[in-house]
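Me: Hi! I would like to go through this structure with you and learn how its labels are earned. Could you have a look at it with me?

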Amino acid sequence: MALFEATHLQKRFGEQVVLEDITLSFEEGQLSGIMGPNGAGKSTCFNVLTGQYKPDNGRVVFDGRDITGKSARVIAGLGISRSFQIMNLFDEFTAIENILIALPESINRSFNPVHDIQGNVSAMEKAADVLNKVGLSGREFTQASSLPYGERRALEIGVALASDPRLLFLDEPTQGLGADGTARLSELINELKKSYSIVVIEHDMDFLFGLADKISVIHWGQVIATGTPDQLRENEWVMASTLGEIA
Amino acid sequence: MNQRVAQSSNPLLTNDSGEHSHRVALTTQKTAIITKQMICMFIILGTFPLWSEWVGLYNYLGAEIAIWIIYALGFNLLLGYTGLPSFGHGAFFGIGAYAYGLTQLGIIESVWAGIFFSVLAGGIAAAVVACFISHRRGIYYALMTIAFGQIFWFTSMRWHTLTGGEDGLLNIHRGELNLGFFSFSLSETSSLFYFIFAIVMLVTVGLWRLVHSPYGKALQAIRMNEMRARFLGYNVWLIKWSVFMISGAIAGLAGGLFALVQQSAYPDVMSLHASGLIVMLTLIGGGFVSYWGPVLGAIVFFMARDTLGAMTETWLLWYGLMFMLVIIFKPEGIAGLWQDLMKRREKRQLKVNGSTENASGEAK
Ligand SMILES: Nc1ncnc2c1ncn2[C@@H]1O[C@H](COP(=O)(O)OP(=O)(O)OP(=O)(O)O)[C@@H](O)[C@H]1O
Ligand SMILES: [Mg+2]
């Protein structure tokens, strides 16, 4: 059985049906990709899966447990973490504070009024390790808002990694990165792939085809194809759709 | 001079110690329980009775400032740290004052009991209000705090049998402070001042600890990015609820002390105008950028009231103008100005370093 399964998801905003009927599954230890043209409903799909919105219909099961309509907090507590398409950092915190706040050591103590997390050696080392993992060693005490764009994106992934999630959702991690940054990010995700189950939304086909074990293509609020990169490459209709030629 | 500068920047240049100092830096981010700034503030405020008359002020002002420092520090937990604007906080200050008065007049003449009930009443009232507003943010949050503030204010005006209406509760005796081993009278303004000053120290140290705890960090995370905090697994609603309650309890404490000092409790402190004052002085002080913002704000406000007030009856106009100037030119307030000055000084020193040791810029 898959680690994560969503069946017949539907989501409307008023009159607009954004997700018609989405059925997806993500396997443990794999990198699953989601592709689709602008406005296809990819981010909305993530938002439904991670608890931002309740689906109007359908079921979401994580690790054999029904999490349909559960809050973002509860879903996060079960070991699902995510990054956002639009940058979502704690800007006035330093890089290491951004990681610290996302560690279970902090979250489990969210009502502890006396503990000093920045004086907690093991938490600090853990946070430094996470920064190291995403290539931000040496930036520990730089304020997040003054990091260059590429490093901010890396920090976002670091924040999502900090809880050591069982499943990691990344929403268009390459957005706004140049070719150079994209290449470096690709390397990073390739590295993370070895130890995490990951789902990535991506526009950049080359990027995703090089990384993913399995890709689902969303269009008009439906999954129009699922397969390995090789299988999809042969599907001309899918190629046209993701390139936006029949959008 | 040059020699010294060159020496001090040397360790940064040798590369093999770089790794080492890096590790040390990582493990020494501990927050001190007592800081230099704290001691500085305690000394300035604590010696107030010794020099106040010498500069034309009076002891009573010290007590007032001390009370408002407590109030403002608690308020800034909400405004500066969590980013939640309450324009109705006067309500909890007022409730604390009434609770103190009612305890003295109706239950028992004891300072401790009065303070206990002030904190309790402020906290409970705030906890109830927080139930209705904690799912909100920004302008809606602010509007709802105004609405609740007005309800409390109106109630205090009209519930004559309990609050004494517009006149308020009068003749609250200052009484004796029982410390177990001995007790002393609080009728002297200076002993009263030192009693309140002791509470200021407790609150200052306690809140300093709190804002550096995981809870305090969560508050700041909510201010910066509430949604992200939720997706990390923080119980955002409960944290917002609890910080409002804590802040209300501290306002209640300040209100209780106010009733003790004033020997009365009246609806004025609950008015929209009074609630606006705490927002204004916290902002002028720089509550958004510094823990010390509200302290500076309280000191500046009361000093301005007494010095400007002595010169002109329209002092509030001048103070209002000052507020506008701060908001327009330096929204980070007095603390922000101070931080800028420090940064500029640091830069200048760095420049000195740079001209003597070329690589020190690189080391930074
Ligand atoms: N909260 C919302 N309220 C109303 N409409 C929404 C909301 N969120 C998304 N939509 C609409 O849903 C549609 C799909 O948006 P979504 O962001 O999921 O697309 P996407 O596939 O992620 O696109 P992109 O590639 O541009 O990120 C859009 O038409 C958008 O306007
Ligand atoms: Mg999107």
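Me: Which element gives the most to the shell around ligand 1, and how many residues does that element supply?

Reply: That is α1(A), with three residues. Helices here are DSSP runs of H or I with at least four residues, strands are E runs of at least two, and both are numbered from the N terminus. Before we go on: this is a predicted model, where local features need pLDDT of at least 70 and side-chain atom pairs count only at pLDDT 80 or more, while totals for chains, interfaces and linings use all residues. Residues are numbered from 1 along each chain as its sequence is written, chains are lettered from A and ligands numbered from 1 in the order written, and side-chain values use heavy atoms, leaving out hydrogens and water.

Me: What makes Ser43(A) and Gln85(A) donors of the magnesium ion (ligand 2)?

Reply: Donors are N, O and S atoms within 2.8 Å of the metal (3.2 Å for Na, K and Ca). The OG atom of Ser43(A) and the OE1 atom of Gln85(A) lie 2.0 to 2.1 Å from the ion, so both qualify. Ser43(A) sits in helix α1 (residues 42-49) and Gln85(A) in the loop between β6 (80-82) and α3 (95-100) of chain A, so the pair ties together parts 42 residues apart in sequence. Water is not among the atoms, so sites may look incomplete.

Me: Why is Ser43(A) called partly exposed?

Reply: Buried means under 20% relative accessible area, exposed over 50%, and partly exposed in between (1.4 Å probe, protein chains only). Ser43(A) has 22%, so the middle label fits. Gln85(A), at 23%, is partly exposed as well.

Me: And why does Gly36(A) count as buried?

Reply: Its relative accessible area is 4%, so Gly36(A) falls under the cut-off for buried. You will find Gly36(A) in the loop between β3 (31-35) and α1 of chain A.

Me: How do you know that Gln16(A) makes a polar contact with ligand 1?

Reply: A polar contact is a pair of N or O atoms within 3.5 Å; within protein, one must be able to donate a hydrogen and the other to accept it, and residues adjacent in sequence count only if both atoms are side-chain atoms. A polar side-chain atom of Gln16(A) lies 3.0 Å from an oxygen atom of ligand 1, so the pair passes. For Gly39(A), a backbone N or O atom lies 2.9 Å from an oxygen atom of the ligand.
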